[in-house]
Structure formats: C-alpha cells, structure tokens
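Biologist: I should like a close look at one part of this model, namely a pair of packed helices and the aromatic residues associated with them. Please describe how the helices are arranged and which rings pair there.

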Amino acid sequence: MEGSEDMDEEEKRTKRQETIQKAYEFSLRRVGQSLHAFPLWNDFFDFLEADDDFSIGMMNEQYVRSGRVIKTRKWYQVAIASPFLGVEKIWNRYTQFEKDEGGNVRIFVVVVVVVLDFTHSSIT
C-alpha cells in the first residue's frame, strides 16, 4: 500500500513539473525575444537545472538525464540567439552548463555563430 502512495506522489510531482515546463515554454515562445525577457529565461534555466533529482533506476535515470541535457541545450541555443538585454549572462550560464556536462564549448560556439549568422541573414 505504501509503495503505491509513493508512486502516486512521484506521478503527481512529474505532472506538476511537466505543467510548469509547458507554461515556461509557452511564455518563452510568446515573449522570449522581448527586450526585457532575461528574468523569464533565467528563471526557466534555474527550473530546468534544478529538476535533476529523479530516482527512476540506473538505466532509465541515465536515459532521462541525457534527454534533459539535450532539451536544456536546445533551449540555451534558442535563448542566446534572442535579442534581449542580459543575453550575455545567459551565454555565460550556457558555457558553464556545457563545461559541467563535459561538452566541448568550442563546438557549440561554432553552432551558435552559424545559427546567429543564418538568423541575421534571413532577417535582412
């Protein structure tokens, strides 16, 4: 009986986390390029990076972690391509995130420069 209560609580927590994440993503798609969007982006990355305490099992835990890293990386790349005040602070967070994840920051810098160049050339 107690095990099912724990699972129920974990399911509720997961649903809450998913709802919060969807709300952030919805908001960022609408106002993420606003000049004053920095606090929203910063809070979103705090949320993504803090939600790392899943206790699922060895195989699933690594799989979930890998998926979260990929998704967080994608959102960082969207953020640093956005023209808001404070984007350099998000850039600093992103480079630290890549270092912490063992990524090669130089590779991602090239990707970002290409994305920014493509975005700029398609706008003009």
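Modeller: A residue counts as buried when its relative accessible area is under 20%, a cut-off that applies to several of the rings described below. The model is predicted.

The helices in question are H2, residues 38-50, and H4, residues 87-100, whose axes lie 10 Å apart at an angle of about 20°. Angles under 35 degrees count as roughly parallel, and H2 and H4 are therefore roughly parallel to each other. The crossing of H2 past H4 is left-handed. On the H2 side, the contact is formed by Phe 38, Trp 41, Asn 42, Phe 45, Asp 46 and Glu 49, while H4 contributes Lys 89, Ile 90, Arg 93 and Phe 97. Sorted by class, this contact of H2 with H4 comprises five nonpolar, four charged and one polar residues.

Turning to the rings, the structure contains eleven aromatic pairs. One of them joins Trp 41 and Phe 84 in a stacked arrangement, with 6.1 Å between centres and 15° between the planes. Trp 41 belongs to helix H2, whereas Phe 84 sits in the loop between helix H3 (58-80) and H4, so the pair ties together parts 43 residues apart in sequence. Trp 41 and Phe 84 are both buried. A further pair, Phe 44 with Phe 45, is tilted, at 5.7 Å centre to centre and 50° between the planes; Phe 44 and Phe 45 are likewise buried. Ring pairs link these four residues into a cluster with Tyr 24, Phe 47, Trp 75, Tyr 76, Trp 91, Tyr 94 and Phe 97.

Conventions: Residues numbered from 1 in each chain as written. Predicted model: local features only at pLDDT ≥ 70, side-chain atom pairs only at ≥ 80, totals over all residues. Heavy atoms only, no water. Axes fitted to C-alpha atoms, helices over the stretch in contact; angles between N-to-C directions. Helix = DSSP H or I, 4+ residues; strand = E, 2+ residues; numbered from the N terminus. Parallel < 35°, antiparallel > 145°, perpendicular 65-115°, else oblique. Left-handed = near helix turned anticlockwise from the far one by under 90°. Contact = heavy atoms within 4.5 Å. Nonpolar A, V, L, I, M, F, W, Y, C, P; charged D, E, K, R; others polar. Phe/Tyr/Trp six-rings, centres within 6.5 Å; stacked < 30°, edge-to-face > 60°. Buried < 20%, exposed > 50% of the residue type's maximum accessible area, 1.4 Å probe, protein only.
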